[in-house]
Amino acid sequence: MNAKTAATAATAVPPVAATLEPETPTLLVKVFGKDRPGLTTELFTALADYGVDVVDFEQVVIRGRIVLCALVTAPARDGELRANVHQWADSRKLQAEVISGLGDNRPRGEGRSHVTILGNPLPAGALAALTGRITETGANIDRVFRLAKYPVTAVELAVSGAETAELRAALAPEAAAQQVDVAVVAAGLQRKAKRLVVMDVDSTLIQDEVIELFAAHAGCEERVAEVTAAAMRGELDFAESLRARVALLEGLDAGVVDKVRAEVRLTPGARTLIRTLKRLGYQVGIVSGGFTQVTDDLAERLGLDFAAANTLEVADGRFTGRVVGDIVDRAGKATMLRRFAAEAGVPLEQTVAIGDGANDLDMLNTAGLGVAFNAKPVVREAAHTAVNVPFLDTVLYLLGISREEAEEAEQEADAAGELGAP
């Protein structure tokens, strides 16, 4: 900008207040076409010649195509700016629009939420149905951002104009009908401040039910599996069912623990979830209706901060068919979540709990965010949100953590030698 241009801009354009006045003339500059390095710099260099101030600015690149929008104060030489923008765009084989208006964007509505949609795949019809439901609540979609493209497609919508509970109630049945997952959480600092994640173990952190692994070695797997399934559906009292199942292990050689530990299979994405959370400064714990003979080993291998479970009693090298001490049941899991949070110095509203069974419900409802992971219907209906894809690391997307950020955290963990092989 030469001295004459600067002087003209200084006298022609009144200073803009920190908050733009509603009647201040503005221009929306839209550019779209094939992306290449330097386009953003070139556009703002061209605009700088007219002494404009930037009010808002967003851009997105999808499959090599850029959409760039800049809202700027209107200069005295409005026509000259328009001609210059179009001339620059033509020289780069881009399309451009310059639209006159007044003031800034309209204020966002009261009630703000993040809506995360997960699909594998994510059909256009599902998005049409869900966004239609959002509109029906009177809310508006302010921004959309893709969090992941694999192993699921995950997109996040910033929504305003409706209360979080209202949105959740409207979207949950539609998501079920469309066979995609939707999580609705309140916007604000609390979402980014969740610093303790506590998981169930059986069928959540791992793919197995540990007591069934023990039962297979004792020859009573079918009987134990039947009782386990009924308990997880909420049809049986967990403590009573646990005692009944453990009694079937009486006399089993305790040396089988090493075999069971070797048979345990982590849920896909479990290691990525933990590594990413730990790298970002979260504390991570597990609480299980299973047994310390397995959970203590998992906690050590995965570098967890907290672990709690039941303990199988052993006498003369064999299981007695009893557990030692108080049983970690539905109420016990919630108690352990509170204890872990107190020890970690994290308020309960900044905790996340993940589980799949009815005995996880108290824990899920105690946490700031309760996630039902491939859960039974009674759990999906009661939890804050549900994930029904077989990848545990998709929970990261509910926290606003993208796939790229997770991969970066994993690479850093590998370089630091953190969390050895399972």
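This passage describes the nonpolar cores, a buried strand, and the cavities and pockets of a predicted model.

A good place to start is the interior. In soluble globular proteins, nonpolar side chains tend to be buried together. Here the largest nonpolar core brings together 65 residues, and those with the most contacts inside it are Met 199, Leu 205, Phe 214, Leu 298, Ile 354 and Leu 392. Helix H7, spanning residues 210–218, supplies the largest share of this core, with five residues. Apart from this core lies another, of 22 residues, which includes Val 198, Val 287, Phe 340 and Leu 364.

Helix H7 rewards a closer look. Its buried residues are Val 210, Ile 211, Glu 212, Leu 213, Phe 214 and Ala 215; the list thus takes in Glu 212 alongside Phe 214. Beyond residues up to four places away in sequence, Phe 214 touches Leu 249, Leu 252, Val 256, Val 257, Val 260, Phe 291, Val 294, Leu 312 and Phe 319. Just after H7, the chain passes through Gly 219, which takes a positive phi of about 80°.

The loop between strand S9 and H7 contains Thr 204. This threonine is buried, with a relative accessible area of 0%. Setting aside neighbours within four places in sequence, Thr 204 is in contact with Thr 267, Ile 354, Gly 355, Asp 356, Phe 373 and Leu 392. Two of these partners, Ile 354 and Leu 392, are also listed among the residues with the most contacts inside the largest core.

Strand S10 comes next. Eight of the nine residues of S10 are buried, so this strand is largely enclosed by the rest of the structure. S10 pairs with strand S9 (residues 196–199) in the parallel sense over four bridges, and four bridges also join S10 to strand S11 (residues 306–315), again in parallel. Gly 285 of S10 appears in both pairings: Gly 285 is the bridge partner of Val 198, and Gly 285 also stands opposite Phe 306 in S11.

Attention can now turn to empty space. Rolling a probe the size of a water molecule over the atoms shows where empty space is left. The structure holds two cavities of 30 Å³ or more, and the largest contains about 130 Å³ of space. Its lining is made of 16 residues, with Asp 202, Glu 209, Met 232, Phe 238 and Gly 289 lying nearest the centre. Helix H8 (221–232), helix H9 (238–247) and strand S10 (283–291) each give two or more residues to this lining. By class, the lining of the largest cavity has seven charged, five nonpolar and four polar residues.

Among the pockets, the largest holds about 860 Å³ of space. It is lined by 27 residues, and Val 60, Val 144, Phe 145, Arg 146 and Leu 147 lie nearest its centre. Strands S2, S3, S5, S6 and S7, together with helix H17 (403–416), each contribute two or more residues, and S6 provides the largest share, seven residues. The lining comprises 13 nonpolar, 10 charged and four polar residues.

The second largest pocket contains about 540 Å³ of space. Of its 25 lining residues, Asp 56, Glu 58, Asn 105, Arg 106 and Asp 142 lie nearest the centre. Two or more residues come from each of the strands S1 (25–34), S2, S3, S4 (95–102) and S6. This lining has 10 nonpolar, eight polar and seven charged residues.

Conventions:
Residues are numbered from 1 along each chain as its sequence is written. This is a predicted model: local features need pLDDT of at least 70, side-chain atom pairs count only at pLDDT 80 or more; totals for chains, interfaces and linings use all residues. Side-chain values use heavy atoms; hydrogens and water are left out. A nonpolar core is a set of buried Ala, Val, Leu, Ile, Met, Phe, Trp, Tyr and Cys residues joined through side-chain atoms within 4.5 Å. Buried means under 20% relative accessible area, exposed over 50%, partly exposed in between (1.4 Å probe, protein chains only). Contact means heavy atoms within 4.5 Å. On a 1 Å grid over the protein atoms alone, a cavity is a set of points where a 1.4 Å probe fits but cannot get out, and a pocket is an open set with protein on both sides within 12 Å along at least five of seven lines; lining residues have an atom within 4 Å of a point. Grid points are joined across faces, edges and corners, and a volume is the space filled by probe spheres set on the points. Ala, Val, Leu, Ile, Met, Phe, Trp, Tyr, Cys and Pro count as nonpolar, Asp, Glu, Lys and Arg as charged, and the others, Gly among them, as polar. Two strands pair if DSSP finds at least two bridges between them.
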